[in-house]
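Q: Please take a close look at one part of this structure and describe how that part sits within the whole. Give the cut-offs behind each term as you go.

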Amino acid sequence: MTNTLHDNPLPLREHIALTPFESGDLDALPRYLNHPVIFRNTLNIPAPYTEADAQFWLDKVAAMEQEYGMRPNWAIRHDEHGLIGGIGCFLRNGTEGHSDEIGYWLAEPYWGQGLMTEAVQVFCNWLFATRPPLVRLEAIVFQHNPASLRVLEKAGFQQEGFLRKGRKKQDEYIDVYLMARLRD
């Protein structure tokens, strides 16, 4: 596998890039991840999202980078405003697996600007370029989140299924779409 752990940003548009998470993100993570819509549309982000949760995440990201020798999780960063989102893969089958799943979030002030579609496209292209065995990327989208479906469709994902009660969050079963993108 190519050495993919580097500090070079992956540019999205002027002033915005995918960059490493850093200790300075400790304040921004709770500020943005305590949004009720972000909580509602993601499976594993707790509510309330505390500074301790942010520190746990930053430690986990650093440990994964050490373990796998690559950066599976990236911050979406604005030159002036700092951390505004995140995107990553789960490494379900390690770095040599043929499939993986992605997830993402974006701070509310940046919704509706096409930024997440660009982030997903750039991130997926980077994953395919740096992980030769990878041929399939999946994303799970809650039925009540049509905006995320549009993001994925614009980024080249296709719907492959609808899973009734496909995920459980707290005590609620949620119907989900299975979206996938294959290596070109």
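A: In the protein chain, residues 24 or more positions apart account for 64% of the contacts with a separation of 6 or more, where contact means heavy atoms within 4.5 Å. The model is predicted, so local features need pLDDT of at least 70 and side-chain atom pairs count only at pLDDT 80 or more, while totals for chains, interfaces and linings use all residues. Residues are numbered from 1 along each chain as its sequence is written, and side-chain values use heavy atoms, with hydrogens and water left out.

The whole chain comes before the part. The protein chain has 5 helices and 8 strands, in the sequence order β-β-α-α-α-β-β-β-α-β-α-β-β. Here helices (H or I, at least four residues) and strands (E, at least two) are DSSP runs, numbered from the N terminus. The radius of gyration is 16 Å, which agrees with the value near 16 Å for a compact globule of 184 residues; it is taken over C-alpha atoms, and the globule rule is 2.2 Å times the number of residues to the power 0.38. The C-alpha trace spans about 40 × 40 × 30 Å along its principal axes. Of the 184 residues, 50% are buried, meaning under 20% relative accessible area, with exposed over 50% and partly exposed in between (1.4 Å probe, protein chains only). The exposed area is about 9,500 Å², and carbon and sulfur atoms supply 50% of it; such areas come from the Shrake-Rupley method with a 1.4 Å probe, and for residues only the protein chains shown count as cover.

The part chosen is helix α4, together with a residue that touches it. Helix α4 covers residues 115-130, 16 residues in total, and reaches 22 Å from its first C-alpha to its last, close to the 22 Å expected; the expected span is 1.5 Å times one less than the number of residues. The buried residues of α4 are Leu115, Met116, Thr117, Ala119, Val120, Phe123, Cys124, Trp126, Leu127, Phe128 and Thr130. An α-helix has 3.6 residues a turn, so residues three or four places apart point the same way.

Ile102 lies in strand β5 (residues 99-106) and counts as buried because its relative accessibility is 3%. Leaving aside neighbours within four places in sequence, Ile102 is in contact with Val120, Phe123, Cys124 and Leu127, among others. These four belong to the buried residues of α4. The contacts of Ile102 also include Gly88, Cys89 and Phe90, then Leu137, Glu138 and Ala139, and further on Leu152 and Phe157. Ala17, 85 residues from Ile102 in sequence, is 18 Å away, C-alpha to C-alpha.

For contrast, some residues elsewhere have other surroundings. Val37, in helix α2, is partly exposed because its relative accessibility is 35%; Val37 and Asn145 are 108 residues apart in sequence and 9.5 Å apart in space, C-alpha to C-alpha. Pro48, in the loop between α2 (36-41) and α3 (51-68), is joined to Ala47 by a cis peptide bond with omega about -5°. His15, in the loop between β1 (10-13) and β2 (16-19), has a positive phi near 75° and is partly exposed at 41% relative accessibility. Gln170, in the loop between β7 (158-169) and β8 (172-182), has a positive phi near 55° and counts as exposed at 60% relative accessibility.
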